[in-house]
Amino acid sequence: KAEEVLKEALPEKFHPAVPEVSVYLVESVGNSTRIDYGTGHELSFIMFLTCLFKIGALTKEDSIATVNKIFQRYLSLCRTTTNDIQDGTRR
């Protein structure tokens, strides 16, 4: 699914990198066997963004927005998800 999402989001010239890049995206949100969240997930997301810079999908001009918008939204999503899971396990 992650590969499909990235192929929809990225121009075709970046599609050869999608199999490798998608691994970092998937690892940044955890997996179904472990319900936890930590710095390893954040590092995976940073590596995902780094890959996007390396392949040219993001450019130097995107640097500030990448930190202030994309990474902040990622952190917010993870916090919300973690809180929702914790609330569900407390009931």
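**Surface patch and core of a helical model**

Leu43, Ile46 and Met47 together form a nonpolar patch of about 240 Å² on the surface of this structure, which is a predicted model. Of these patch members, Met47 belongs to helix 3. Met47 counts as partly exposed because its relative accessible area is 30%, a value that falls between the 20% limit for buried and the 50% limit for exposed residues. Over the protein as a whole, the exposed surface comes to about 6,700 Å², and carbon and sulfur atoms account for 56% of that area.

It helps to set this patch against the overall fold. The protein contains 4 helices and 0 strands, giving the order α-α-α-α from the N terminus. Of its 91 residues, 24% are buried. Among contacts between residues at least 6 apart in sequence, 44% link residues at least 24 apart.

Turning to the interior, the largest nonpolar core comprises 15 residues, and Phe48, Leu49 and Leu52 have the most contacts inside it. At least two residues of this core come from each of helix 2 (18-27), helix 3 (39-55) and helix 4 (63-90), with helix 3 giving the largest share, 5 residues. Around Leu49, once neighbours within four places in sequence are set aside, the contacts are Leu58, Thr66, Ile70 and Phe71.

A word on confidence rounds off the picture. The mean pLDDT of the protein is 88, and 82% of the residues score at least 70. Helix 1 (residues 2-9) has the highest confidence, at 96, while helix 4 has the lowest, at a mean of 82.

Key: Residues numbered from 1 in each chain as written. Predicted model: local features only at pLDDT ≥ 70, side-chain atom pairs only at ≥ 80, totals over all residues. Heavy atoms only, no water. Core = buried A, V, L, I, M, F, W, Y, C linked by side-chain atoms within 4.5 Å. Buried < 20%, exposed > 50% of the residue type's maximum accessible area, 1.4 Å probe, protein only. Contact = heavy atoms within 4.5 Å. pLDDT = per-residue confidence, 0-100. Patch = residues over 30% accessible without salt bridge, like charges linked within 9 Å, V, L, I, M, F, W, Y side chains within 5 Å. Areas by Shrake-Rupley, 256 points an atom, 1.4 Å probe, with all protein chains shown as cover. Salt bridge = Lys/Arg side-chain N within 4 Å of Asp/Glu carboxyl O.
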